[in-house]
Amino acid sequence: MKKIIFFLLIGFYVIGCQPKQNSSSKPENSDDFSFVFMTDIHLTEKRNAREGFLQAIDTINSLSPDFVLTGGDNIMDALGQTYERSDSLYNLYQETIKNLNMPIYHSMGNHEVFGLYKSSGISPDHEEYGKKLYENRLAKRYYSFDHKNWHFVVLDGIGFTDKRRYYGKVDEEQIEWLKKDLAKAGKKPIAVSIHIPLLSIGSQIMKGPNEGMGKGEIISNANEVIAILEQHNTKLVLQGHLHFLEDIQYNGIHYITGGAVSSQWWQGKRYGMEEGFLKIDVCGKDFTWEYIDFGWVPETES
Ligand SMILES: [Zn+2]
């Protein structure tokens, strides 16, 4: 029977690299690099969220990672909103990320989906309905890229129900693409980004030991996706959505839910977790991670 090892760490985790004295220093080996994973920004014009996001961006710039990868829910939100409201939030987001000094790659969250909720009044016939607005503005819903010796895969884990709600699902089109894409990656270490988690202990902690995940909280066909990832050199799965910080090691893969830039939706700490993001230092085929608290104090916190 395979061993299951759970780690729940708030702070710092090391598997092969040594922690740096100065976290902004560049790695010495030319194949080594660092990147930032920031998730659940939930940018809105309320709660001083833009100022908070700019503070996170300043901190990221000071750390000089090679690139930034988002975990989705960049805006709050487009699901149940008019086109004008959704458009203005995408514009606010796109304007704000211009302050980053390095490239940014995006993953799509449920809150980027335009007009899915019937309450939006948007018809599915709208030319930018659903994931099209996101794809026109930020990125393809799924894709891959290489950085140095690592292969990065961004998956879309947002399925739609017949009743126009979302649930966690990686569709068949992506499953077929993923098999081919990972085969092409060969022996390269692989990192995956997906908004809704493939694996999490969040419900045990936040709801109770006997509670499971709802359909909107976990990928419903996670077993199918994980079975594919385990056939390749997958090292890391970066997840968002739960505003929860955890690192689960299972069958050699780390499933890290990366906290939230907005923590409790810009209203303070969540389960003791500050507003923050992950800085990941890659050393050869290994990595270390650190949750960076960028020092935001929300206006509602006394
Ligand atoms: Zn989400």
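## The chain as a whole

Helices and strands here are runs assigned by DSSP, a helix having at least four residues and a strand at least two, numbered from the N terminus. Counted this way, the chain has six helices and 15 strands. Please keep in mind that this is a predicted model.

Of the 302 residues in the chain, 44% are buried. The contacts tell us something about how the chain is put together: among those between residues at least 6 apart in sequence, 72% join residues at least 24 apart.

## A look at helix 2

Helix 2 covers residues 83–96. Does its length agree or disagree with what its 14 residues should span? At 1.5 Å a residue, the expected span is 20 Å, and the end C-alpha atoms of helix 2 are 20 Å apart, so the two agree.

The buried residues of this helix are S86, L89, Y90 and Y93. Looking down the axis of helix 2, you would find its buried residues within an arc of 100°, which means that they line one face of the helix. A general point helps here: an α-helix has 3.6 residues a turn, so residues three or four places apart point the same way. The buried residues of helix 2 pack against helix 3, which runs over residues 132–137. On the face turned away from the buried side, helix 2 carries the exposed residues E84, N91 and E95.

## A hairpin to find

Next, turn to strand 6 (residues 143–147) and strand 7 (residues 150–154), which pair in the antiparallel sense over five bridges. Within this pairing, F145 of the first of these stretches stands opposite F152 in strand 7. Two residues lie between the strands of this hairpin, and K148 takes a positive phi near 50° there.

## Backbone details worth a look

Most residues other than glycine have a negative phi, and most peptide bonds are trans. With that in mind, a few places in the loops deserve a visit.

Which residues are joined by a cis peptide bond? They are M76 and D77, with an omega of about -10°. D77 sits in the loop between strand 4 (67–70) and helix 2.

S64 is not a glycine, yet its phi is positive, at about 50°. You will find S64 in the loop between helix 1 (49–63) and strand 4. Is S64 buried or partly exposed? Because 13 other C-beta atoms lie within 10 Å, S64 is partly exposed.

H243, also not a glycine, has a positive phi of about 50°. Its loop lies between strand 11 (234–239) and strand 12 (245–250). H243 has 23 other C-beta atoms within 10 Å, so H243 is buried.

Conventions:
Residues are numbered from 1 along each chain as its sequence is written. This is a predicted model: local features need pLDDT of at least 70, side-chain atom pairs count only at pLDDT 80 or more; totals for chains, interfaces and linings use all residues. Two strands pair if DSSP finds at least two bridges between them. A residue is buried if 20 or more other C-beta atoms lie within 10 Å of its own, exposed if 12 or fewer, and partly exposed in between; C-beta atoms are placed from the backbone. Two residues are in contact if their C-beta atoms, placed from the backbone, lie within 7 Å. The expected span of a helix is 1.5 Å times one less than its number of residues. The arc is that of the directions from the helix axis to the C-beta atoms.
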